Protein chains: 2
Amino acid sequence: MPGLENSAPEQLGFVGGRLDRADHIRVKPELVAQAFASPDARCLVLDGLDPVTLDGHLLMEPIGPEAQVGDHLLLGLEAGKRPIFVRLAAEVGSNFVPSPRSRSIVAEVPADEVALYGAARSLVHWHGRHPYCSVCGAGTRPEKAGWARRCGTCDAEHFPRVDPVVIMLAEHRGRVLVGRQHSWPQGFYSALAGFIEPGETIEEAVAREIKEEAGVSVHSIRYVTSQPWPFPSSLMIACIAQADDDALALDETEIEHAFWCNVDGVRAALAKDINAPFICPQPMAVAWHLLKYWVDAQVAPSEPSA
Amino acid sequence: MPGLENSAPEQLGFVGGRLDRADHIRVKPELVAQAFASPDARCLVLDGLDPVTLDGHLLMEPIGPEAQVGDHLLLGLEAGKRPIFVRLAAEVGSNFVPSPRSRSIVAEVPADEVALYGAARSLVHWHGRHPYCSVCGAGTRPEKAGWARRCGTCDAEHFPRVDPVVIMLAEHRGRVLVGRQHSWPQGFYSALAGFIEPGETIEEAVAREIKEEAGVSVHSIRYVTSQPWPFPSSLMIACIAQADDDALALDETEIEHAFWCNVDGVRAALAKDINAPFICPQPMAVAWHLLKYWVDAQVAPSEPSA
């Protein structure tokens, strides 16, 4: 993909995909077969669920003569014409935690390829976890070019999951709430987060999670931005909310520690200042951008006079 | 639930739940059993997946002596103390279309009960579609008070789905795009919509769907509001986007017809004016509120002079 720079250091990960997802092809098996047989077609190479790169790009190989279209998923069309597939794998594990290799990809290939890898990873993982029908227990097989599976016995159709997650800052008098889980590296804090449950709006989930995890009631919840997070297939929905007060009552099974941090502290964390009050996530994660968005919205501190 | 009015005529459906979801109880089987055994506990009665009402409220019954805690899901605590359960059912079907009974509930019970019914419906439906493990095909059973299922053979854990959907208006020079599917009642139009796919942001999904369905490129996508839609378990994410131009190229397999409507036309549709250029969804649906939000943001037309 000539002309694209590698990801900027502050690039949010897994966003900015440029493939045409070509849903008009997916639903027509003859068009899928034609795309698969095209000499232009390429197969994105994965190592298990990890990325493989060559010369600063994701490795893509021509489709081999023994390859079966039914084992592949059509990710889309590059530049509107070259079909890009990925091979479906059987063994994938649960994968709620990014491997080091899937983290470092962000610094290695252009942003749109990071997004392509993320989509492929989520989809390959989902297929690996769905060889059987949840309705009747019989075998399922891919259809719609890998964008669904169908049960051979009860005919139930199953679709890849996308799990919406809220990730949010509570704000109170010029400070925001950051917290840490027990398993995180020492000094590491981030925005609170949690899965949206059936029967909730985004805003209701934000309020419930902050109340559950930190004992803080919030109002005036605003959407900021979103990000797909392919471990295994979340949609991160980033919000800022106003806290009613700053008293904390932590759910200590979830949160080891949390505190209200002022703008100077958050700015220092974003800048990786060694004296920062906490270590924050990398820019590949939406939490970094949520903290940056909040800092940028604050009044700039007065510069020391010369 | 004294003191609550029945839903206002313009109430968005399935939002405003008031139960404490009590996630601290879910993970402790002894607390779940204690809640189930409490004389205060109630079981929300469903007729299949449809609601049952009595005197303007959802019907709730005491827990019977033969009832098994393992067949029930803890929806939460009413007023912070009364446990509300729902019984899990085996036969649920696919249920992508709301039944007449599940639509009319919006006018019958208070808004927070509509939300409770929606959450219960999504969860009961999910359990009914997941008696088997998608990883290994063996049987699964509920755990975490019905907020998960676990495979008895491979130990895989499965969680209820929430499927994020974008629903959006493209705007161009004072008009918005509305479209209709082939199966809809004559004259009925709504905002375009579609499922968010793995590897997409909310904004990327909005742009893709409008391009796929109507051939329109958009920019400046803004989030407006969200709604859980329990048929079977969507999270509707409503947005407005600016169209680059107004030329349409419809995907005729998805969209029968679409057109750009001005503010007077949309206002007439919202008011159910018999001369309106289209019939729009009911206020229970977020599409109504998205259209209303857009109309309210336009400059009011000049009143005819007296």
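# Questions at the A–B interface

Trainee: Which residues does B:G199 touch, leaving aside those up to four places away in sequence?
Mentor: In this predicted model, B:G199 touches A:F14, A:R21, A:A119 and A:P228, plus B:E204 from its own chain. As for its place, B:G199 is in the loop of chain B between β14 (192–195) and α5 (202–214).

Trainee: Why does B:G199 count as buried?
Mentor: Its relative accessibility is 12%. The cut-off for buried is under 20%, so at 12% B:G199 counts as buried.

Trainee: How far apart are the C-alpha atoms of B:G199 and B:E113?
Mentor: They are separated by 35 Å, with the two positions 86 residues apart along the chain.

Trainee: What makes A:E197 and B:R26 a salt bridge?
Mentor: Their closest N and O atoms are 2.7 Å apart. A salt bridge needs a side-chain nitrogen of Lys or Arg within 4 Å of a carboxyl oxygen of Asp or Glu, so the Arg–Glu pair at 2.7 Å passes.

Trainee: How many salt bridges are there between chain A and chain B?
Mentor: The count is six. Under the polar contact rule, 26 residue pairs turn up across this interface, with both residues at pLDDT 80 or more.

Trainee: Which elements of chain A give two or more residues to the side that touches chain B?
Mentor: They are α1 (23–26), α4 (111–128), β12 (163–172), α5 (202–214), β15 (218–229) and β16 (234–243). The largest share, five residues, comes from α5(A). By class, that side of chain A has 22 nonpolar, 11 polar and 13 charged residues.

Trainee: How many residues of each chain are in contact, chain A with chain B?
Mentor: It's 46 residues of chain A with 46 residues of chain B. The area buried between the two chains is about 3800 Å², and carbon and sulfur atoms give 54% of that.

Trainee: Another one at the interface: why is A:S134 called buried?
Mentor: A:S134 has 4% relative accessibility. Buried means under 20%, so at 4% A:S134 qualifies. A:S134 is in the loop between α4 and β9 (140–143) of chain A. Beyond residues up to four places away in sequence, A:S134 touches A:H158 and, across in chain B, B:R129, B:H130, B:P131 and B:Y132.

Trainee: What does the side chain of A:S134 reach?
Mentor: The backbone oxygen of B:R129, at 2.7 Å. For a polar contact the N or O atoms have to be within 3.5 Å, so 2.7 Å meets that distance limit.

Trainee: Now backbone oddities. Which residues does a cis peptide bond join in chain A?
Mentor: A:F231 and A:P232, where omega is about -5°. A:P232 is in the loop between β15 and β16 of chain A. In chain B, a cis peptide bond joins B:F231 and B:P232, with omega about 0°, and B:P232 lies in the loop between β15 (218–229) and β16 (234–243).

Trainee: What is phi of A:D155 near?
Mentor: Near 70°, a positive value in a residue other than glycine. A:S220 is not a glycine either, and has a positive phi of about 50°. Why flag such things? Because most residues other than glycine have a negative phi, and most peptide bonds are trans.

Trainee: Why is A:D155 called partly exposed?
Mentor: Its relative accessible area is 47%. Buried is under 20% and exposed is over 50%, so 47% falls in between and A:D155 is partly exposed. A:D155 is in the loop between β10 (148–151) and β11 (157–158) of chain A. A:S220, in strand β15 of chain A, is partly exposed as well, at 44%.

Trainee: What is the mean pLDDT of chain A?
Mentor: It's 93, and 94% of the residues reach 70 or more. Watch residues 1–7 of chain A, though: pLDDT there is below 50, and the stretch has 18 contacts in the model beyond near neighbours in sequence. Where pLDDT is low, the predicted coordinates should not be read in detail.

Trainee: And how many helices and strands are there in chain A?
Mentor: Seven helices and 17 strands. Buried residues make up 54% of the 306 residues in chain A, and its C-alpha trace spans about 70 × 50 × 30 Å along the principal axes.

Conventions:
Residues are numbered from 1 along each chain as its sequence is written. Chains are lettered from A and ligands numbered from 1 in the order in which they are written. Side-chain values use heavy atoms; hydrogens and water are left out. pLDDT is the predictor's confidence in each residue, from 0 to 100. Contact means heavy atoms within 4.5 Å. Helices (H or I, at least four residues) and strands (E, at least two) are DSSP runs, numbered from the N terminus. Buried means under 20% relative accessible area, exposed over 50%, partly exposed in between (1.4 Å probe, protein chains only). Buried area is the accessible area (1.4 Å probe) that two parts lose on being put together, summed over both. A polar contact is a pair of N or O atoms within 3.5 Å; within protein, one must be able to donate a hydrogen and the other to accept it, and residues adjacent in sequence count only if both atoms are side-chain atoms. Ala, Val, Leu, Ile, Met, Phe, Trp, Tyr, Cys and Pro count as nonpolar, Asp, Glu, Lys and Arg as charged, and the others, Gly among them, as polar.
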